[in-house]
Amino acid sequence: MVFFLLLFSIVFLFVSVRLFLYRTVLVHRLKKWGNWIEDRVCDHQLLKVPELDENNQENMFYRKVYTYLNSLSTIEDSDNTNLISGKKLNSIILCVDDDQTVVDTFLGARVSWTNRVEWIEETNVSKKTFLLKVKKRDKRRILQSYIQHIYRASEDVESRCKELKLYMNTTTLTDDNRSKNRWSCVRLTHPATIETIAMDSDLKKKVKSDLESFLKSKQYYHRLGRVWKRSYLLYGPSGTGKSSFIAAMAKLLSYDVYEIDLSKVVDDSDLKTLLLRTKTKSLIVVEDLDRFITSKSTTVTITGLLNFMDGIITSCCGDEKLMVFTMNSKEQIEKIDSSILRPGRIDVHIHFPLCNFNSFKTLASNCLGLKDHKLFHQVEEIFHTGSTISPAEMSEIMIANRGSPNRALKSVITALQINGDARKTVSRLHHDDVLTMDDSSMTETSNVFVMDGNCNVPVVKEIQKLYGLIRMKSSKKIGPSDQFSGSMERS
Ligand SMILES: Nc1ncnc2c1ncn2[C@@H]1O[C@H](COP(=O)(O)OP(=O)(O)OP(=O)(O)O)[C@@H](O)[C@H]1O
Ligand SMILES: [Mg+2]
């Protein structure tokens, strides 16, 4: 009896699940037919959202619609949806395809969006437009609030999973690409964050709060009649973390980065065009500004550059922008034209020095996971003698020896000692007047020191030789882990 009851329940369950599945497919089909008939019977209105406005600048609403549609669950039911690998491992993002139609419902009204892409022969560029199809009787009722809803929902998505982009002007302006957007873009994958940058902790806090207060100051800037932008100058020797800091700033603000290579900009108007093609919420970066200006390796004039820095141009391509310039040294620039760095043009100057004991400790914690060690005291003492190396060199040494913190710290000590000795030799040479600073003697002596922050190059070679010795010695004791650090050295 019990057996029959059990059998009956299993069969009953099986039949009901089948029936349910059948019904849902049926319901889905019926709904589809109903919508098809309704689409043909009702009066509709088509509204366009073009990618570019009448001045050929980005229509912000187009991007919002794009983000919104990609976030809809109905995109999964729509044919031709693109499946693209996401930021996280094994994750997939759904993206609307050219000429794909996605259906949405809002306040009981059913609307559809079509991603229309047309190829324009004359200009050789494609024209992209989103077409919104809405029933005339629903339009008046829902349109305003539907647009607000799209803005809110897309901003929500953007802030949740914004994938930062790095834009670069990799091509020079030619007749062929005159009408094209010359920014090419890749994902910004730089791993640096504000936390991983070794810098004075008070300074870090100040910069962080400056950036955060900038984000909240839209109304304030607009009330003052100023462009909502802020300019930073990062200066210091090579390998002190300027570029890493830019990536960290971008992540903190969730801004895309536009890196302008001035050597690819042909004139002031080209610079203007590139700027007009940048989006809001972006970081506009000019690296090594001093090199471009002093070596005159750009055809952009100082006036063109000053206009750009003042944000006259940026005011007509949307605001909420941060401009960041990097330099090895401010002195040369101040000699050429001190107004380049005047207050208002550059709002914040941040110096990136070579390593001190505090930045060493941050790097030791980041690279070796060390908060304290018996050799820290010795490292501190060497820093007190004035010896230093760049954070880039310091972190390289630590990463190469990460299998053995003891060996890493000993290598750091050796590097600092060699640097100290080299500095003593240099100052002795200066005293003895062996070097003259004309061009011919520079080539002769360039093995001894290279100007402008590269004075550690020969020293580094010596250090590298030394690492080899240290590693060979320690390999006998350490065994298998040394193989690991050996392969690091090759890379
Ligand atoms: N202050 C720092 N904190 C943490 N890491 C640093 C720091 N400075 C340099 N590094 C490390 O050194 C490497 C080189 O740094 P980065 O490219 O940011 O230096 P830079 O100042 O931009 O040099 P350059 O003037 O030559 O362009 C980075 O990969 C980073 O890991
Ligand atoms: Mg750099």
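Strand β10 (residues 256–259) runs parallel to strand β11 (residues 282–286), and four bridges hold the pairing in register in this predicted model. Two of the facing positions are easy to pick out by eye: Val257 sits across from Leu283 of β11, and Tyr258 sits across from Ile284 of the same strand. Strand β11 is mostly covered, with five of its five residues buried. Its side chains split between two directions: Ser282, Ile284 and Val286 point one way, while Leu283 and Val285 point the other way. Both sets are buried, so a viewer who follows β11 from Ser282 to Val286 finds covered residues on either side of the strand.

Both strands belong to an open sheet of seven strands, in which the pairing is mixed. Read across, the order is β8-β7-β10-β11-β12-β9-β13, which places β10 beside β7 and β11 beside β12. The edges are formed by β8 (183–187) and β13 (348–351); each has a single partner strand, so each keeps one side without a neighbour in the sheet. On average, and with direction ignored, neighbouring strands here are turned by 20° against each other.

As general background, the strands of a sheet pair through backbone hydrogen bonds, in either a parallel or an antiparallel sense. The antiparallel sense is found in another sheet of the protein, an open one of four strands in the order β1-β6-β5-β4. Its edge strands are β1 (44–50) and β4 (101–106), each of which pairs on one side only. From one strand to the next, the twist of this sheet averages 25°.

Within the four-stranded sheet, strand β5 (residues 109–120) and strand β6 (residues 125–135) run antiparallel and are joined by nine bridges. One pair to look for here is Val117 with its bridge partner Lys128 in β6. On its other side, β5 is joined to β4 by six bridges, again in the antiparallel sense, and there Thr101 has Thr114 of β5 as its bridge partner. The hairpin of β4 and β5 has two residues between the strands, and Leu107 takes a positive phi near 45° in this hairpin. A helix accompanies the sheet as well: α2 (residues 60–71) lies across β1, β4, β5 and β6 and runs at about 110° to β1.

Attention can now move to the ligand. Ligand 1 has 15 residues around it, of which Ser238, Gly241, Ser243, Pro391 and Ala392 come nearest. Two helices, α6 (242–253) and α13 (391–400), each supply at least two residues of this shell. The shell also draws on two domains, with at least three residues from each of domain 2 (167–351) and domain 3 (357–490). By class, six of the residues around ligand 1 are nonpolar, eight are polar and one is charged.

For the protein as a whole, the model contains 17 helices and 13 strands. Of its 491 residues, 24% count as buried. Among contacts with a separation of 6 or more, 71% come from residues 24 or more positions apart.

Key. Residues are numbered from 1 along each chain as its sequence is written. Chains are lettered from A and ligands numbered from 1 in the order in which they are written. This is a predicted model: local features need pLDDT of at least 70, side-chain atom pairs count only at pLDDT 80 or more; totals for chains, interfaces and linings use all residues. A residue is buried if 20 or more other C-beta atoms lie within 10 Å of its own, exposed if 12 or fewer, and partly exposed in between; C-beta atoms are placed from the backbone. Two residues are in contact if their C-beta atoms, placed from the backbone, lie within 7 Å. A residue is near a molecule or strand if its C-beta atom, placed from the backbone, lies within 6 Å of it. Ala, Val, Leu, Ile, Met, Phe, Trp, Tyr, Cys and Pro count as nonpolar, Asp, Glu, Lys and Arg as charged, and the others, Gly among them, as polar. Domain bounds come from an automatic or database domain assignment. Two strands pair if DSSP finds at least two bridges between them. Axes are lines fitted to C-alpha atoms, for helices over the stretch in contact, and angles run from 0 to 180 degrees between N-to-C directions.
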